[in-house]
Amino acid sequence: MLTDIEIAQQAQLKRIEEIAKKLNVSDDQLEQYGKYKAKITYTPDQQKISNSKLILVTATTPNKSGSGKTTTSVALAQGLNFIGKHAVVALREPSLGPCFGMKGGAAGGGYSQVLPMEDINLHFTGDFHAITSANNTIAALLDNYQYNNQGTPKSLKKILWRRVLDVNDRSLRMINSGMGGSANGIPAETGFDITPASEIMAILCLSTSLEDLRNRINSILLGYTYEGNAFTMKDLGATGAILILLKDAIKPNLVQTLEGDAAFVHGGPFANIAHGCNSIMATWGAMQHAEYAITEAGFGSDLGAEKFLNIKCRAAGIKPSATVLVTTTQSLKLHGDCPEKEIKLPNMDALKKGMENLDRHLKNLQQFGQTVVVALNRFHFDQEDELEMIRNWCSANGAHYAENLGFAKGGEGAADLARKVVEVIENAPSKAIEHTYNLEDSITEKLTKIVTKVYGGSGVVLSDKAKKDLKELEKLGADKWPVCIAKTQFSFTDDAKKTGSASGHTITIRQLIPQAGAGFVVAVSGEIMRMPGLPKEPAAMGMDIQGDVIFGLS
């Protein structure tokens, strides 16, 4: 079989105007970025949005044998269109950090990709650049404010804002700035996060209009005065400038699948260190323009799906009609302690042990009130008795089951999955979301409920720093906001090495970060870093370009 990039480069793309016409998007609503990608402007129609069937795609705990969640999201959209339904997928934009680091791109794979793959995985329409620029302009303006008000009552006692960069660069996690004399600013200890962790990214993805974006930027907490008062972007007085930088970035991006179906790709917060969902404007756009809208939330149900249901659905006023839980026999065997080099071989014992991970994710979703379809991405080496065991297990545990061959066969290969999802939605009306916590709960109560109900743990432990942060948050009134736990994606614990389905553990919260514009509190757990590092052999080392042909990008 051809590689992802070879398949993408051989595809015959349709011009973006043709894709837009399928959605009844007029030329006046379309802002083209070349032949095959565009931004669209639309006025949300809540009646049309509420009539659409939203499908959430999540997965079991990721490991070295990934489940293929984005590929399944694209395949499901293709499969629904293949069986005669009208479906649009809404995905996040890939970050350059993982692209050039370890994880690779995020445009799907095989014959279930969004195109143009190379553009989407690289600079695309410049949204990440705009977010990075907006974030760092705030940092520069804030430093300038401090420089020009040093020694006066206007000077800030504490600054919270950090710079960002869309590159995995561990050397920038903690730095000293303003060195080299007074002409270069005020010396300070600061650092960089990766762009997907920026509050500007979260704000952009949660904003429902340009005016909402303005209000959220105004609310950003930048630091504290010497009197202990909050100092916000509204106090700084530069909201207009930041809004100008983001005026185009807030518009959803329209592209296409390998089979010429419309796809929205917009916003890109990570689910381990941020809230892990594409923009509300893109999700609403897919729902407004299609009978079925498919969206994915990053990593497993303990991260992306939990944040989608507890944070994004509250902000957007939406709920899934069904949830698809993606897995593979290889991934489950790894969770069952099978050696990586043997995961393609028959191993019923490892598979059965690995089912404990699937069980935890299924129960997580069911406690949210979700009707779940387990989508098994099937490979040629999968054994029929192993598949039969998974199929029977799903039936016994209240989950529907379907196999997906979208990677190898595109929409036709995902037709069975599509039919199962339609059947489930038509026969099981969607329920109200049963949120993990109430907004009136304290921050500690919210964290404890996530750890006990979703992670299978016994509770949280706050570091001395987190306890101090908690007191400041309570003074702000932030104890009534949702919480967004930054946690390793590889485990239900805060230790990446503990795979499978851990229970009874505690989660250590070392820092609580207020994101007033986004409207939630980020709780940093364990050793998770908001600026990732590069692996020993970064993917970038195997990339090249000859003429217009790119090699090594996937």
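**Group meeting: a walk through the model**

Serine 177 touches Ile186, Pro187, Ala188 and Thr190, leaving out residues up to four places away in sequence. That is my starting point. One caution before I go on: this is a predicted model.

Where does serine 177 lie? In strand E9, residues 175-177. Its relative accessibility is 19%, so serine 177 counts as buried; the cut-off is under 20%. Take one of its contacts, alanine 188. Serine 177 and alanine 188 are 11 residues apart in sequence, and their C-alpha atoms are 5.3 Å apart in space.

Next, strand E4. E4 covers residues 87-91, and five of its five residues are buried. How do they split between the faces? Ala87, Val89 and Leu91 are on one side, Val88 and Ala90 on the other, and all are buried. That fits a general pattern: in a regular strand, side chains alternate between the two faces of the sheet.

Which strands does E4 pair with? One of them is E16, residues 292-300. E4 and E16 run parallel and are joined by four bridges. Alanine 87 has tyrosine 292 of E16 as its bridge partner. Another is E15, residues 262-265, also in the parallel sense, over three bridges. There, leucine 91 stands opposite valine 265.

Stay with tyrosine 292 for a moment. The charged end of lysine 53 sits over the ring of tyrosine 292, 5.7 Å from the ring centre. A second charge over a ring involves arginine 360. Its charged end sits over the ring of phenylalanine 492, at 4.8 Å from the centre.

Now ring on ring. How many aromatic pairs does the structure hold? Two. Tyrosine 145 and phenylalanine 231 have ring centres 5.0 Å apart and planes at 40 degrees, so this pair is tilted. The pair links distant parts of the chain, 86 residues apart. Tyrosine 145 sits in helix H7, residues 127-149, and phenylalanine 231 in strand E13, residues 230-232. Are the partners buried or exposed? Tyrosine 145 has 17% relative accessibility, so it counts as buried. Phenylalanine 231 is buried too, with a relative accessible area of 6%.

The other pair is phenylalanine 379 with phenylalanine 381. This pair is stacked: 5.4 Å centre to centre, with 10 degrees between the planes. Here the two partners fall into separate classes. Phenylalanine 379, at 31% relative accessibility, counts as partly exposed. Phenylalanine 381, at 15%, counts as buried.

On to the sheet with strands E20 to E23. What is the strand order? E20-E22-E23-E21, in an open sheet of four strands with mixed pairing. E20, residues 459-462, and E21, residues 483-486, stand at the edges. Each has a single partner strand, so one side of each is left without a neighbour in the sheet. On average, neighbouring strands of this sheet are turned by 40 degrees against each other, direction ignored.

Look at the E20 edge. E20 pairs with E22, residues 506-515, in the parallel sense, over four bridges. Valine 461 stands opposite threonine 508 in E22. Helix H19, residues 443-453, packs on the sheet. H19 touches E20, E21, E22 and E23, the last being residues 520-525. The directions of H19 and E20 make about 135 degrees.

Now the loop between helix H20, residues 464-476, and E21. Aspartate 479 has its place there. Its relative accessibility is 16%, so aspartate 479 counts as buried. What does aspartate 479 contact, leaving aside neighbours within four places in sequence? Leu439, Asp441, Ser442, Ile443, Lys446, Leu473 and Glu474.

Last item: the cysteines. A disulfide is a covalent bond between the sulfur atoms of two cysteines. How many disulfides does the count give? Zero. Cysteine 338 is in no disulfide, and its nearest cysteine sulfur, that of cysteine 394, is 20 Å away. Cysteine 394 is likewise in no disulfide; for it the nearest cysteine sulfur is that of cysteine 338. Both cysteines have low accessibility values: cysteine 338 counts as buried at 6% relative accessibility, and cysteine 394 counts as buried at 0%.

Key
Residues are numbered from 1 along each chain as its sequence is written. This is a predicted model: local features need pLDDT of at least 70, side-chain atom pairs count only at pLDDT 80 or more; totals for chains, interfaces and linings use all residues. Side-chain values use heavy atoms; hydrogens and water are left out. Two strands pair if DSSP finds at least two bridges between them. Helices (H or I, at least four residues) and strands (E, at least two) are DSSP runs, numbered from the N terminus. Axes are lines fitted to C-alpha atoms, for helices over the stretch in contact, and angles run from 0 to 180 degrees between N-to-C directions. Contact means heavy atoms within 4.5 Å. Rings of Phe, Tyr and Trp (its six-membered ring) pair if their centres lie within 6.5 Å; planes under 30 degrees apart count as stacked, over 60 as edge-to-face and the rest as tilted. Buried means under 20% relative accessible area, exposed over 50%, partly exposed in between (1.4 Å probe, protein chains only). A charge sits over a ring if NZ of Lys or CZ of Arg is within 6 Å of the ring centre and within 35 degrees of the ring normal. A disulfide is a pair of cysteine sulfur atoms within 2.5 Å.
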